[in-house]
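Got your viewer open? Let's take a walk through this one, a stop at a time.

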Amino acid sequence: MRAEGWVMEEIELEGRPVKVITYRIGDSFVTEVESSSSGAVIACSAGKTQEAVEKEAIETAARRLRRTRRIDLGLTVGG
């Protein structure tokens with residue numbers, strides 16, 4: 001089987017840019033939420049309906065990003 005109907009959307013989630021990628025394989029939909037900067041997958045979900053799968057992956061990613069600390073290194077570019 002191969003992925004069909006591939007769609008990618010960039011959104012901001014918990015103050016961070018992420019990519020939401022959704023595609024269909026056979027009768028199932030898959031959604032991956034990944035970091036725009038590193039490409040690391042934050043959450044992934046699979047199921048029978050596109051809406052439910054996207055909602056579950058985005059909610060899981062938001063919960064995980066809320067628990068992640070952000071550290072300001074105070075670095076400036078070109079300084």
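On this tour, a contact, or touch, means heavy atoms within 4.5 Å. Keep in mind that this is a predicted model.

**Stop 1: the whole chain**

Show everything as a cartoon. You should find one helix and four strands, and from the N terminus they come in the order β-β-β-β-α. With a radius of gyration of 15 Å, well over the 12 Å that the globule rule gives for 79 residues, the protein is more spread out than a compact globule. Turn it around: the C-alpha trace spans about 50 × 25 × 15 Å along its principal axes. Buried residues account for 29% of the 79. Of the contacts between residues at least 6 apart in sequence, 22% join residues at least 24 apart.

Switch on a surface if you like. The accessible area is about 5800 Å², and carbon and sulfur atoms own 49% of that. Colouring by charge should pick out 12 positive and 13 negative side chains, with the centres of the two sets 6 Å apart.

**Stop 2: β1 and β2**

Select residues 4-13 for β1 and 16-25 for β2; these strands pair antiparallel over eight bridges. To see the register, pick I11 and look across to its bridge partner in β2, V18. Then pick E4, which stands opposite R24 in β2.

Now zoom in on the turn. The two strands make a hairpin with two residues between them. Which residue in this turn has a positive phi? That's E14, at about 55°. It's worth a pause, since most residues other than glycine have a negative phi. E14 is not a glycine, yet its phi is positive. E14 is partly exposed, too, with a relative accessible area of 39%.

**Stop 3: on to β3**

Add residues 28-35, strand β3. β2 and β3 run antiparallel and are joined by eight bridges. R24, which you met opposite E4, also stands opposite F29 in β3. This hairpin again has two residues between its strands, and G26 in the turn has a positive phi of about 60°.

Is β3 largely enclosed or open? Colour by burial to check: seven of its eight residues are buried, so β3 is largely enclosed by the rest of the structure.

**Stop 4: E32 and its neighbours**

Stay in β3 and select E32. Looking to β2, you'll find I21 standing opposite E32. Now expand the selection to the contacts. Which residues does E32 touch, leaving out those up to four places away in sequence? They are K19, V20, I21, Y23, V41, A43 and C44. Try a distance label as well: from E32 to S45, C-alpha to C-alpha, is 6.6 Å, although the two are 13 residues apart in sequence.

**Stop 5: β4**

Finish with residues 41-47, strand β4. Six bridges join β4 to β3, and the two run antiparallel. Pick E34 and find its bridge partner in β4, V41; V41 is also among the residues that E32 touches. Last, look at the loop linking these strands: the hairpin has five residues between them, and G39 takes a positive phi near 80°.

**Looking back**

Zoom out again and follow the strands in turn: β1 pairs with β2, β2 with β3, and β3 with β4. From the N terminus, the helix comes after those four strands.

Methods: Residues are numbered from 1 along each chain as its sequence is written. This is a predicted model: local features need pLDDT of at least 70, side-chain atom pairs count only at pLDDT 80 or more; totals for chains, interfaces and linings use all residues. Side-chain values use heavy atoms; hydrogens and water are left out. The radius of gyration is taken over C-alpha atoms; the globule rule is 2.2 Å times the number of residues to the power 0.38. Buried means under 20% relative accessible area, exposed over 50%, partly exposed in between (1.4 Å probe, protein chains only). Accessible areas come from the Shrake-Rupley method with a 1.4 Å probe; for residues, only the protein chains shown count as cover. Lys and Arg count as positive and Asp and Glu as negative; His and the chain ends are not counted. The place of a charge is taken as NZ of Lys, CZ of Arg, CG of Asp or CD of Glu. Two strands pair if DSSP finds at least two bridges between them.
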